[in-house]
Amino acid sequence: MKLLESAVARGLSGELAAASGAQDAIWARADSACADLSAPLAVLDVQALSTNAGSLLRRAAGKPIRVASKSIRSKEVLRAVLAQPGFAGVLGFTLPEALWLAADPSDAFTDIVVGYPTADPSALRALAADPVACARVTLMVDSSEQLDWMAATLASLSPAAPIRLCLDLDASWRPTAAGRALGHIGVYRSPVRTGADAIALALAINGYRQGNTALFRLTGIMAYEAQIAGLQDTPHTGNKVADLAKSQLLKQIQRQSMAEILHRRANVVAAVRNVCDLEFVNGGGTGSLELTTGDPSVTELAAGSGLFGPTLFDGYSRFTPAHAVGFAAPVVRRPASDIVTVLGGGWIASGPAGNDRSPVAVHPAGLSFIGTEGAGEVQTPLRGTAAATLAIGDKVWFRHAKSGEVCEHVDALEMIDSGQWVGRALTYRGEGKAFV
């Protein structure tokens, strides 16, 4: 959609003012712009999207940003962002998604790295049979077991070209003291941690052949520092003393973890470059762009959530994203004078169960969940003085904890520009796709 692409471009060139104002005012404007639309619905403020895109580019300091599609889940939004200088390529989340994007007639998606290993035999065979997809899609691997599975799956086929592979390097931190391991800080992803691990896998990749033809080709390395990029370093729980202590601890952990991965990643990349050519080395995420871009071994960065600015990105000291995406649910009941009930509302984000995975009611101000019910699958009661101002059919606005998952609930993002509704950007769901 050229309208969205044009709006983002105008914002990055300074022609659009950044979405601003108090949180309640932002969502009051959204409420007015969507007054004639039926809820539940989700909105995308294109000015805020452009503000966030500009912020990511400044923090990347010249290194290209690969856009994480799992955080967006809308082809139209992906196209609009990728059309801007500084954004290059997609970090996908499933192989079926990558095949769908690679076949898009717009040619917007010519470089897709699937960020997670695949175990989908039909999708892998479809990739191998399609020369265009083979040139555009790169798969993630971290073990010989995965290579064995892929080779067995493709045993009866002659791939159109060697399957492009990216090696996933574990970027978690395992601090030690007096020679003893103190634990694992980060996410559990790849078993590949050292240069020796990486070289062994790279050599294994080179050894898979069908006749005289190589079955795979190693083209890149990815190392995602989740404990830095995905962890808020300035939590806001309401307990100032506890928040300050936790913030200081988190910042110390992140500093030490970053120093460790900078050294280790550089060694691994240098080691692998001795046995094969690499087209790219990907690192970082929304929360760590300005840190990872300083690593000379990294050629590109990754980000996605920072474009939408969900609540899990409110607590970073290095940046403050604009609120680009929110959703509304309609009031359908009034159980008490200070309580209203909205339809649905239980759009819970993935991850460890907790209050930080629930949506946050942002407009009208002063509404909160009831502890015995929370955000529900089919109804959500909300208590607060603002309940008295709401009538049946009015909208209550929420922000989601994570980015892309909100798009699984709606067919389109209702686009708002300068407080006016300007159209709809279809989500994956709206195009009949659900990639899990």
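A residue counts as buried when its relative accessible area is under 20%, as exposed when that area is over 50%, and as partly exposed in between. The model discussed here is predicted, and these classes help in reading its charged pairs. Side chains of opposite charge can pair when their charged atoms come close.

Consider D168, which lies in strand β6 (residues 163–168) and forms a salt bridge with R189, the closest N and O atoms being 3.4 Å apart. The partner R189 sits in the loop between β8 (180–181) and α9 (195–207), so that the pair, 21 residues apart, links distant parts of the chain. D168 has a relative accessibility of 3% and therefore counts as buried, whereas R189, at 26%, counts as partly exposed.

A further salt bridge brings together the side chains of D170 and R174, with an N to O distance of 3.5 Å. Here D170 is buried, its relative accessible area being 3%, while R174 is partly exposed at 39%.

In the pair of D314 and R399, whose side chains meet in a salt bridge at 2.9 Å, N to O, the acidic residue is placed in the loop between α13 (305–308) and β14 (325–336), and R399 belongs to strand β19 (residues 395–399). These two residues are 85 residues apart and link distant parts of the chain. In this case R399 is the buried partner, with a relative accessible area of 3%, and D314 is partly exposed at 33%. Elsewhere, R59, E290 and R318 are joined into one network by salt bridges that share partners.

With nitrogen and carboxyl oxygen required to lie within 4 Å, the count comes to 21 salt bridges.

Key:
Residues numbered from 1 in each chain as written. Predicted model: local features only at pLDDT ≥ 70, side-chain atom pairs only at ≥ 80, totals over all residues. Heavy atoms only, no water. Helix = DSSP H or I, 4+ residues; strand = E, 2+ residues; numbered from the N terminus. Buried < 20%, exposed > 50% of the residue type's maximum accessible area, 1.4 Å probe, protein only.
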